[in-house]
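Here is a briefing on one protein chain. Keep the sequence and the 3D view at hand while reading.

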Amino acid sequence: MNKKLIALALAGGMVMAGCGNNVNKTKETKEDVTQEASTNEAASKTGLSDVKVNLDKAVESFKEAFPNKEITLTAISLEVEGNSYIYDVEGYDKEGEYQASIDANSGEILNQEEDQEKDNEDANEVLDLSSIIKADEAIEKAESANEGSKAKEWSLSVHDGYTVYEIELDNGKDVSIDASNGEFLVFD
């Protein structure tokens with residue numbers, strides 16, 4: 001009889017412990033949903049079409065932040081932070097790596113960093129902006145393939161040898177578009 005009571009108590013304890021974990025997971029999920037809703041709301045209020053600084057101007061501001069440097073670009077993104085859009089631009093030269101955050105409405109440098117320890121992996125991730133389609137064209141393709149959705153954010157980087165626009169839509173989908181020809185890409 002005592003063995004049955006002990007076994008029952010242990011089983012009950014395991015069930016209760018399992019229930020406790022589910023409560024925490026639900027709480028985390030609600031916080032994630034709230035944060036995602038906040039980002040969606042900010043994106044819908046401002047919208048990519050309201051961004052005043054284009055990609056070329058963001059790159060120009062980045063290069064002005066690091067004068068007298070011959071920086072090779074490796075990644076650019078346009079993301080929602082709070083109620084504003086911010087460009088994040090990254091690059092390197094023979095001396096180190098560079099990053100700057102740029103206000104997408106004013107072109108103002110919000111933050112800049114310089115790291116004198118260069119990562120050799122960047123040599124394979126060079127962005128050639130002269131041979132790509134415009135961000136607006138990639139966004140239009142992504143939105144038209146996902147009727148009723150709008151782009152929230154995008155990034156431009158090299159992925160598996162392709163220069164790729166990765167576009168995050170407000171319907172939760174991410175779309176990858178080859179920046180050299182505008183074709184849709186699928187990665188494993």
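Buried residues account for 36% of the 188 residues in the protein chain. The model is predicted. The chain has three helices and eight strands. Along the sequence they follow the pattern α-α-β-β-β-β-α-β-β-β-β. Among contacts between residues at least 6 apart in sequence, 50% join residues at least 24 apart.

**The sheet**

- Eight strands form an open sheet, and the pairing is antiparallel.
- The strand order is 4-3-2-1-5-6-7-8.
- Strand 4 and strand 8 stand at the edges. Each has a single partner strand, so one side of each is left without a neighbour in the sheet.

**Strand 1 and its partners**

- Strand 1 spans residues 72–81. Seven of its 10 residues are buried, so strand 1 is largely enclosed by the rest of the structure.
- Strand 2 (residues 84–92) runs antiparallel to strand 1, and nine bridges join the two.
- Within this pairing, V80 stands opposite Y85 of strand 2.
- Strand 1 and strand 2 make a hairpin, with two residues between them. G82 sits in the turn and has a positive phi of about 70°.
- Strand 1 is also joined to strand 5 (residues 151–159), by four bridges and in the antiparallel sense.
- S77 has S155 in strand 5 as its bridge partner.

**From strand 5 to strand 8**

- Eight bridges pair strand 5 with strand 6, again antiparallel. Here W154 stands opposite I167 in strand 6.
- Strand 6 and strand 7 run antiparallel and are joined by five bridges. I167 has V175 in strand 7 as its bridge partner.
- I167 thus appears in two pairings: it faces W154 and is bridged to V175.
- A hairpin links strand 6 and strand 7, with four residues between them. G172 in this turn has a positive phi of about 95°.
- Four of the five residues of strand 7 are buried, so strand 7 is largely enclosed by the rest of the structure.
- Strand 7 and strand 8 pair over two bridges in the antiparallel sense. The bridge partner of S176 in strand 8 is L185.
- Strand 7 and strand 8 also form a hairpin, with five residues between them. Its turn includes G182, which has a positive phi of about 80°.

**Helix 3**

- Helix 3 covers residues 135–145. Its buried residues are A135, A138, I139, A142 and E143.
- These buried residues cover an arc of only 130° around the axis, which puts them on the same side of helix 3.
- The face turned away from the buried side carries the exposed residues D136, E140 and S144.
- What covers the buried residues of helix 3? The cover includes strand 5, strand 6 (162–169), strand 7 (174–178) and strand 8 (184–185).

**The second largest pocket**

- The second largest pocket has a volume of about 210 Å³.
- Of the 14 residues that line this pocket, E90, G91, E97, Y98 and Q99 are the closest to its centre.
- Strand 1, strand 2, strand 3 (97–103), strand 4 (109–115) and strand 5 each supply at least two residues of the lining.
- By class, the lining has seven charged, four polar and three nonpolar residues.

**The loop residue V126**

- V126 lies in the loop between strand 4 and helix 3.
- Is V126 buried, exposed or partly exposed? V126 has a relative accessible area of 36%, so it is partly exposed; partly exposed falls between the buried limit of under 20% and the exposed limit of over 50%.
- Leaving aside residues up to four places away in sequence, V126 touches T72, L73, Y92 and V158.
- T72 and L73 belong to strand 1 (residues 72–81), Y92 to strand 2 (residues 84–92), and V158 to strand 5 (residues 151–159).
- V126 and T163 are 37 residues apart in sequence. Their C-alpha atoms are 8.6 Å apart in space.

Terms used:
Residues numbered from 1 in each chain as written. Predicted model: local features only at pLDDT ≥ 70, side-chain atom pairs only at ≥ 80, totals over all residues. Heavy atoms only, no water. Buried < 20%, exposed > 50% of the residue type's maximum accessible area, 1.4 Å probe, protein only. Pairing = 2+ DSSP bridges. 1 Å grid on protein atoms, 1.4 Å probe; cavity = no way out; pocket = protein on both sides within 12 Å on 5 of 7 lines; lining within 4 Å. Points joined across faces, edges and corners; volume = space filled by probe spheres on them. Nonpolar A, V, L, I, M, F, W, Y, C, P; charged D, E, K, R; others polar. Arc of directions from axis to C-beta. Contact = heavy atoms within 4.5 Å.
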